[in-house]
Amino acid sequence: MFISRFVINSGKKMADFCANDLQNRYFLHLFSKKAKKIFDFSDVTRDVEYEQNSIKWWNKVSGIKIDPMWHAFYSDKNGIKDVKYIPENIYYGIIEPYMNKLKYAEYCDDKCYYPEHFPENAVEGGLKRPKLYIRNINGFFFDSNFKMYSKKEAAEIVSRINEGYVIKESITGRGGRGLLFIDKEETKSQSELLRIFSQFNKDFIVEGLIDQCEQLKRINPSSINTLRIYTYLNQSGAHALSACLRIGGENSHTDNFNSGGIAVGIDKQGRLKNVAYDQYYHMYTEHPSGRTFAGSIVPGFDKAIKLVENLHYRFGHYRLISWDIAISPKDEPILIEFNLKLQGIDLLQICNGPVFGEYTEEILSEIFKK
């Protein structure tokens with residue numbers, strides 16, 4: 001009995017090592033490689049004194065020696081020289097795995113279960129989400145009440161939707177590439193939908209389209225432009241640390257940073273900053289369409305901050321969460337999705353500076369036991 005338990009426990013430890021430790025070490029290597037690659041194509045002006053100060057500060061707070069390439073890169077692009085930048089290899093290889101229980105993340109982040117994770121009564125005044133028509137869980141089709149349908153029946157239900165909808169992967173997500181938008185003017189027959197469902201295979205949802213406030217629609221009307229808000233949970237509560245607006249490319253349905261979109265920082269008062277960046281870190285002082293954004297106030301920004309801070313309490317296993325929030329025509333926040341791993345801190349740090357802000361020393365001291 002003892003030997004059996006020992007073998008089982010050893011097997012679990014080996015599985016955890018393969019699933020977690022090896023992955024974390026891979027991220028340490030991968031994002032160090034990314035930094036070197038960025039330097040290869042970027043004309044970065046190095047400040048030796050600033051980099052040395054960053055190395056000393058990190059060593060003092062965490063006890064580890066960092067490569068200051070990320071500090072040099074971010075500060076060169078945004079003009080903010082701060083020793084508290086978080087190197088991406090350290091974030092994804094050490095910090096995120098420590099702060100978030102990543103082995104449960106795939107289930108919690110499954111959009112098929114958003115109605116259960118985020119019921120309408122989750123916050124005072126009600127929680128707004130896109131309408132869920134059909135969810136495919138492991139190849140099985142259900143509606144929002146878990147009534148089961150055949151594939152043919154599900155296609156027939158969706159074919160009768162006349163208000164537009166979007167079909168998207170519920171688990172993996174690939175930067176806006178696992179999406180199919182059906183506009184209000186379009187129709188899809190049952191046979192067409194059967195083919196589309198076969199292409200998505202399994203683990204996807206069909207949900208209704210939403211509209212956005214006029215202020216954000218003005219910047220780029222073809223996409224729903226969403227707020228990315230990053231929150232941190234400690235013993236004193238949930239705190240919004242950094243926020244930016246993600247804006248889709250011209251004639252694009254998605255606002256994704258890695259699919260042609262740009263991101264612009266938002267200050268504490270909800271005002272858009274003067275410079276936006278794309279995935280290659282090129283700077284924009286206006287949208288590629290020519291529409292300006294600098295100085296615009298994001299409607300409902302305070303409500304969005306309050307919403308995500310309140311929602312964070314529902315997920316105590318995840319102390320760092322990135323939220324994607326749309327703003328309705330009535331200036332009310334609409335939850336689009338949340339992210340628990342590989343959260344893309346680069347767009348926040350390049351837009352706003354160090355992602356942990358005033359909590360940097362607290363977080364690093366906890367993780368590195370200083």
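Which residue in β10 is the bridge partner of isoleucine 266? The answer is given under the heading on the seven-stranded sheet.

## Overview

The model discussed here is predicted. Its chain contains twelve helices and 13 strands. Of the 370 residues, 51% count as buried. Among the contacts in the chain with a separation of 6 or more, 65% are made by residues 24 or more positions apart.

## The seven-stranded sheet

One open sheet has seven strands, paired antiparallel in the order β11-β10-β9-β8-β7-β12-β13. Its edge strands are β11 (283-284) and β13 (333-339), each of which pairs on one side only.

Within this sheet, strand β9 (residues 262-266) and strand β10 (residues 272-277) run antiparallel and are joined by three bridges. Leucine 272 is the bridge partner of isoleucine 266 in β10, which settles the opening question.

## Helix α10 and its cover

Helix α10 comprises twelve residues, 301-312. From its first C-alpha to its last the helix reaches 17 Å, close to the 16 Å expected at 1.5 Å a residue. Its buried residues are Phe301, Ala304, Ile305, Leu307, Val308, Leu311 and His312. Viewed down the axis of α10, these buried residues fall within an arc of 160°, and they therefore line one face of the helix.

On the other side of α10, Asp302 and Lys306 are exposed. The cover over the buried residues of α10 includes strands β7 (226-234), β8 (237-247), β9, β12 and β13. These five strands also appear in the order of the seven-stranded sheet.

## The six-stranded sheet

A further open sheet has six strands with antiparallel pairing, in the order β3-β2-β1-β6-β4-β5. Strands β3 (148-149) and β5 (179-182) stand at its edges with a single partner strand each, so one side of each has no neighbour in the sheet.

Strand β4 (residues 165-169) pairs with β5 in the antiparallel sense over four bridges. Tyrosine 165 stands opposite isoleucine 182 in β5.

## Aromatic pairs and a charge over a ring

The count of aromatic pairs comes to 24. One of them joins phenylalanine 118 and tryptophan 323 in an edge-to-face arrangement, with 6.2 Å centre to centre and 75° between the planes. Phenylalanine 118 lies in the loop between α6 (114-117) and β1 (132-137), whereas tryptophan 323 belongs to strand β12 (residues 320-327), so the pair ties together parts that are 205 residues apart in sequence. Phenylalanine 118 counts as buried because its relative accessibility is 0%. Tryptophan 323 likewise counts as buried, at 0% relative accessibility.

Ring pairs also link Trp70, Phe73, Tyr74, Tyr85 and Tyr281 into a cluster. Elsewhere, arginine 135 lies over the face of phenylalanine 146, at 3.7 Å from the ring centre.

## Proline 119 in the α6–β1 loop

Proline 119 is placed in the loop between α6 and β1, the loop that also holds phenylalanine 118. Is proline 119 buried or partly exposed? Its relative accessibility of 21% lies above the 20% limit for burial, so proline 119 counts as partly exposed.

Leaving aside residues up to four places away in sequence, proline 119 touches Tyr114, Leu127 and Arg314. Its C-alpha atom is separated by 9.1 Å from that of arginine 129, ten residues apart along the chain.

## Helix α11

Helix α11 (residues 345-352) is mostly covered, with eight of its eight residues buried. These are Ile345, Asp346, Leu347, Leu348, Gln349, Ile350, Cys351 and Asn352. Glycine 353 follows α11 and has a positive phi, near 95°.

## Positive phi outside glycine

Most residues other than glycine have a negative phi. Asparagine 201 has a positive phi near 70°. This residue lies in the loop between α8 (190-200) and β6 (204-208), and asparagine 201 counts as exposed because its relative accessibility is 53%.

Leucine 342 also has a positive phi, of about 45°, although it is not a glycine. Its place is in the loop between β13 and α11. With a relative accessible area of 45%, leucine 342 is partly exposed.

Notes. Residues numbered from 1 in each chain as written. Predicted model: local features only at pLDDT ≥ 70, side-chain atom pairs only at ≥ 80, totals over all residues. Heavy atoms only, no water. Pairing = 2+ DSSP bridges. Helix = DSSP H or I, 4+ residues; strand = E, 2+ residues; numbered from the N terminus. Phe/Tyr/Trp six-rings, centres within 6.5 Å; stacked < 30°, edge-to-face > 60°. Buried < 20%, exposed > 50% of the residue type's maximum accessible area, 1.4 Å probe, protein only. Lys NZ or Arg CZ within 6 Å of the ring centre and 35° of its normal. Expected span 1.5 Å × (residues − 1). Arc of directions from axis to C-beta. Contact = heavy atoms within 4.5 Å.
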